[in-house]
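Q: Please take a close look at one part of this model, the interface, and give a connected account of that part. Please also place the interface in the context of the chains that form the model.

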Amino acid sequence: MSNPADEAPTPARRSRIRRFFKPEMDIDTLAHLFTLVVAVAGMAKFFYDQDQAEKAENRARAITYINAYTEEPLLGARQALYDFWASQPDLVAMIRSQQLTPRNYAAMLQASVFRTGAEAPVREPLLVLDSFYSQVSFCESGGLCDTGIIDSYFCEHARRDAQAYAPFFAHLRNQSGDTRIGRELEALADRCTPPGEGQPTG
Amino acid sequence: MPMLTRRLPQFLICLSLTAAPAGAQPAEPFFFLLTAPQLTCLRDNAEAYAPPEGQTAFVTLADCQRTTAPATDTAQFTTPDISLFDSTESPDTVVALSAQDFTCLEGLEIPEGTGLLAFYPERCNVEPR
């Protein structure tokens with residue numbers, strides 16, 4: 001049980017309050033104080049609303065990319081990639097059944113795909129995929145897309161695609177001299193957090 | 001200012017050269033990292049493994065000497081699940097070789113030793129690592 005004497009303002013505190021709210025304070029001063037409080041609260045509300053609106057826009061942009069992933073031209077590009085892998089059943093069986101180093105995987109592709117030019121039908125789909133991930137990565141890293149949504153939906157896709165297509169992008173970089181191909185996907189896959197692996201930020 | 005105008009063409013040429021993308025780079029020759037017994041096994045079974053002209057044979061090195069074809073994967077996917085691990089010390093688990101690569105292997109002298117060997121199919125040579 002607390003002692004009422006403890007709850008009573010100490011003389012020093014009482015004196016501070018009295019110094020601020022003097023008995024002779026007129027209605028104008030109180031009105032000014034009230035206006036000041038309202039202004040501060042209004043500013044806080046303004047910034048809060050701004051923040052909420054920005055977050056809503058970021059969520060909407062992230063969802064736009066989710067929709068784009070299931071529409072043309074991404075849908076066609078993914079279909080072409082499916083057709084490519086489906087045309088390589090022995091290679092797929094081999095790489096799915098064994099643990100490979102990235103170099104061994106790249107050498108398998110060099111030996112069986114790039115050497116024969118079998119990757120030609122997926123060059124354009126891969127550039128479409130790269131361009132899409134570049135946009136997603138830019139949107140996310142620039143704070144324009146909701147990181148939580150981007151990571152939840154795209155992180156696993158990005159990691160899987162970055163790993164599977166790394167030798168393809170390296171091949172395209174060698175062929176074209178464009179050293180940026182596949183780099184944004186790589187960066188996104190490195191920095192994203194897949195669902196269940198940690199708390200997304202943003 | 002007149003000097004700048006006179007040198008403008010040279011300046012523009014320099015600018016275009018620096019702005020142009022780097023030219024296509026020759027790809028690094030690929031290689032398979034194998035032990036001498038693995039490479040010897042591939043060489044000794046070259047006839048059995050060699051695919052028809054224009055095709056590629058996929059060989060799991062743990063299964064070398066068994067000549068059954070790998071089971072075809074019928075899973076539906078757009079990107080296959082691949083399990084990769086970083087290691088520079090481990091020999092490769094699988095190789096993909098053409099008919100020419102097996103012809104090359106048949107005439108290849110494989111160095112003795114316990115270390116890893118890098119087999120370069122395109123150069124048709126083998127180097128200790």
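A: A salt bridge is taken here as a side-chain nitrogen of Lys or Arg lying within 4 Å of a carboxyl oxygen of Asp or Glu. The model under discussion is a predicted one. By that criterion, R115(A) and D101(B) are joined by a salt bridge between their side chains, with an N to O distance of 2.5 Å. The interface of chain B and chain A contains 2 salt bridges by the rule. Polar contacts between chain B and chain A amount to 8 residue pairs, both members being at pLDDT 80 or more. On the side of chain B that touches chain A, the elements giving two or more residues are strand 1 (32–35), strand 2 (56–60) and strand 3 (94–98) of chain B. Strand 3 of chain B supplies the largest share of that side, 5 residues. Sorted by class, the side of chain B that touches chain A comprises 24 nonpolar, 12 polar and 6 charged residues.

The extent of the interface can be stated in residues and in area. Chain B brings 42 residues to the contact, and chain A brings 35 residues. The size of an interface is often expressed as the accessible area lost when the parts come together. Here, the area buried between chain B and chain A is about 3700 Å², and carbon and sulfur atoms give 58% of that area. In chain B, the residues that lose the most area to chain A are F58(B), I82(B) and L84(B), which together account for 17% of what that side buries.

The nonpolar packing of the model comes next. In soluble globular proteins, nonpolar side chains tend to be buried together. The largest nonpolar core has 68 residues, and F168(A), F32(B) and L42(B) have the most contacts inside that core. Helix 8 (residues 147–176) of chain A contributes the most to this core, 9 residues. When residues up to four places away in sequence are not counted, L42(B) touches L34(B), Y49(B), V59(B), L61(B), C64(B), V95(B), L97(B), F102(B) and L105(B). Another core, of 5 residues, lies apart from the largest one; among its members are F31(B), L33(B), L116(B) and Y120(B).

One member of the largest core, F168(A), is also a contact of E119(A), a residue in the loop between helix 6 (102–114) and helix 7 (120–141) of chain A. E119(A) counts as buried because its relative accessibility is 3%, the cut-off for that class being under 20%. Its side chain makes a polar contact of 3.0 Å with the side chain of H171(A), and a polar contact of 3.2 Å links the side chains of E119(A) and R123(A). With neighbours within four places in sequence set aside, the residues in contact with E119(A) are F84(A), V113(A), F114(A), F168(A), H171(A) and Q175(A).

The architecture of each chain frames these details. Chain A has 9 helices and 0 strands, and chain B has 5 helices and 5 strands. The order of elements along the sequence of chain B is α-α-β-α-α-β-β-α-β-β. Of the 202 residues of chain A, 34% are buried; in chain B, with 129 residues, the buried portion is 36%. Among the contacts in chain A with a separation of 6 or more, 76% are between residues 24 or more positions apart. In chain B, 68% of the contacts between residues at least 6 apart in sequence join residues at least 24 apart.

Several loop positions complete the account. D63(B) is placed in the loop between strand 2 and strand 3 of chain B, and its relative accessibility of 29% is why D63(B) counts as partly exposed. The C-alpha atoms of D63(B) and T93(B) are 9.7 Å apart in space, with these positions 30 residues apart in sequence terms. Most residues other than glycine have a negative phi, and most peptide bonds are trans. C124(B), which is not a glycine, has a positive phi near 55°. C124(B) belongs to the loop between strand 4 (116–120) and strand 5 (125–128) of chain B, and counts as partly exposed because its relative accessibility is 32%. In chain A, the peptide bond from E72(A) to P73(A) is cis, with omega near 5°. P73(A) lies in the loop between helix 3 (27–69) and helix 4 (74–86) of chain A.

Methods. Residues numbered from 1 in each chain as written. Chains lettered and ligands numbered in written order. Predicted model: local features only at pLDDT ≥ 70, side-chain atom pairs only at ≥ 80, totals over all residues. Heavy atoms only, no water. Contact = heavy atoms within 4.5 Å. Buried area = accessible area lost by both parts, 1.4 Å probe. Polar contact = N/O pair within 3.5 Å; in protein donor to acceptor, adjacent residues only side chain to side chain. Helix = DSSP H or I, 4+ residues; strand = E, 2+ residues; numbered from the N terminus. Nonpolar A, V, L, I, M, F, W, Y, C, P; charged D, E, K, R; others polar. Core = buried A, V, L, I, M, F, W, Y, C linked by side-chain atoms within 4.5 Å. Buried < 20%, exposed > 50% of the residue type's maximum accessible area, 1.4 Å probe, protein only.
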